[in-house]
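User: Please take a close look at one part of this structure, the open sheet with mixed pairing, and explain how it is built and what is joined to it. I am a first-year student, so go step by step and then place that part in the rest of the chain.

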Amino acid sequence: VSGYPVGACVLGGKTGTVYIGANFEFCSRLIETIHGEQCAVHNAAVHGEPSITKLAVNAAPCGVCRQFLVEVGPPEALDVIFCDNNGKFTSSKLSSLLTSSFGPEDLGPAFKDQTSLTHKEVYSVTMNETDNGKQQALQMFKQAYAPYTKIPEGIVLKFKNGKTAKGQTIENAAYNPSISAFRGACSLAALKGYKMSDLTEIVYARAQPS
């Protein structure tokens, strides 16, 4: 829609793995767009990466992404590498890019000391499923970060030839930067080059709201 491609990647703090991401826009509902930085963080999350030390992107992160990244970990610990207006890459701490940031602790002590990658399970789940797709969806449900709605989601998209793409909820204290499990899974499917026309099954795990 925008004609502005964004490529991003994050460096896992525990494994040293690089997780890629890209922006995906939807003309019917622009609000469903997922940004490149969000996609890369979600990619790390579904693989169980507990922390991120660096993020690189081809342009300076927008305000939404800066807010989203605040909850990934301490802003002063995340190096953000981006291309400036002169075409040169520069590095800055997230805390410098977003001063006086808004985070979980601003919503009360119950949300303090948590990140979207390292947190308590909202609900405990017994993994007694034998079906691989259901197992993966339940694992995404367990990993989902939904402290504000208390409605975690896990999803697995199944494609022809046994290909899959997984997704989990990642909420944010500012609410709007949150991404759904479905959006996350669709973005990872697109990264892998899967065609939605080849989608054969959706396995969805979700808590019933009280």
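Analyst: What follows starts with the sheet, moves to its salt bridges, and ends with the rest of the chain.

The model is a predicted one. The part in question is an open sheet of 5 strands, and its pairing is mixed. Read across the sheet, the strands come in the order S2-S1-S3-S4-S5. Strand S2, residues 18–22, and strand S5, residues 89–93, stand at the edges. Each of these two has a single partner strand, so one side of each has no neighbour in the sheet. From one strand to the next, the twist averages 20 degrees.

As a general point, the strands of a sheet pair through backbone hydrogen bonds, in either a parallel or an antiparallel way. Strand S1, residues 7–12, pairs with S2 in the antiparallel sense, over 5 bridges. To see one such position, find Leu11: its bridge partner in S2 is Val18.

A helix also belongs in this picture. Helix H1, residues 36–46, packs on the sheet and touches S1, S2 and strand S3, the last being residues 52–57. The direction of H1 makes about 140 degrees with that of S2.

Next come the side chains. Which residue in this sheet meets Lys54 in a salt bridge? The partner is Asp79, with a distance of 3.2 Å from N to O. Asp79 is in strand S4, residues 79–83, while Lys54 is in strand S3, so the two are 25 residues apart and the pair links distant parts of the chain.

Asp79 has a second salt bridge, to Lys93, at 2.8 Å from N to O. Lys93 lies in strand S5 and Asp79 in strand S4, so this pair ties together parts that are 14 residues apart in sequence.

Are the residues of these two pairs buried, exposed or partly exposed? Asp79 counts as buried because its relative accessibility is 16%, and the limit for buried is under 20%. Lys54, at 35% relative accessibility, counts as partly exposed. Lys93 is partly exposed too, with a relative accessible area of 32%.

These pairs are part of a longer list. A search of the whole structure finds 8 salt bridges. One of the others joins Glu121 to Lys142, where the closest N and O atoms are 3.1 Å apart. Glu121 sits in the loop between helix H3 (94–97) and helix H4 (132–143), and Lys142 sits in helix H4; the pair is 21 residues apart and links distant parts of the chain. Glu121 is partly exposed, with a relative accessible area of 39%, whereas Lys142 counts as buried at 17% relative accessibility. Elsewhere, salt bridges link Arg29, Glu32 and Arg183 in a network.

Now for a second sheet. This is an open sheet of 3 strands in the order S7-S6-S8, with antiparallel pairing. Its edge strands are S7, residues 164–168, and S8, residues 199–206, and each of them pairs on one side only. On average, neighbouring strands of this sheet are turned by 10 degrees against each other, direction ignored. Strand S6, residues 153–159, runs antiparallel to S8, and 7 bridges join the two. At one position, Leu157 stands opposite Ile202 in S8. Helix H4 packs on this sheet, touching S6, S7 and S8, and the direction of H4 makes about 145 degrees with that of S6.

Finally, the whole chain. How many helices and strands does the protein chain have? There are 5 helices and 8 strands, and from the N terminus on they run β-β-α-β-α-β-β-α-α-β-β-α-β. A compact globule of 210 residues would have a radius of gyration near 17 Å, and the protein chain, at 17 Å, agrees with that. Along the principal axes, the C-alpha atoms fill a box of roughly 50 × 40 × 35 Å. Of the 210 residues, 48% count as buried. Among contacts in the protein chain with a separation of 6 or more, 63% come from residues 24 or more positions apart. The protein chain exposes about 10,800 Å², and carbon and sulfur atoms supply 53% of that area.

Methods
Residues numbered from 1 in each chain as written. Predicted model: local features only at pLDDT ≥ 70, side-chain atom pairs only at ≥ 80, totals over all residues. Heavy atoms only, no water. Pairing = 2+ DSSP bridges. Helix = DSSP H or I, 4+ residues; strand = E, 2+ residues; numbered from the N terminus. Axes fitted to C-alpha atoms, helices over the stretch in contact; angles between N-to-C directions. Contact = heavy atoms within 4.5 Å. Salt bridge = Lys/Arg side-chain N within 4 Å of Asp/Glu carboxyl O. Buried < 20%, exposed > 50% of the residue type's maximum accessible area, 1.4 Å probe, protein only. Rg over C-alpha atoms; globule rule 2.2 N^0.38 Å. Areas by Shrake-Rupley, 256 points an atom, 1.4 Å probe, with all protein chains shown as cover.
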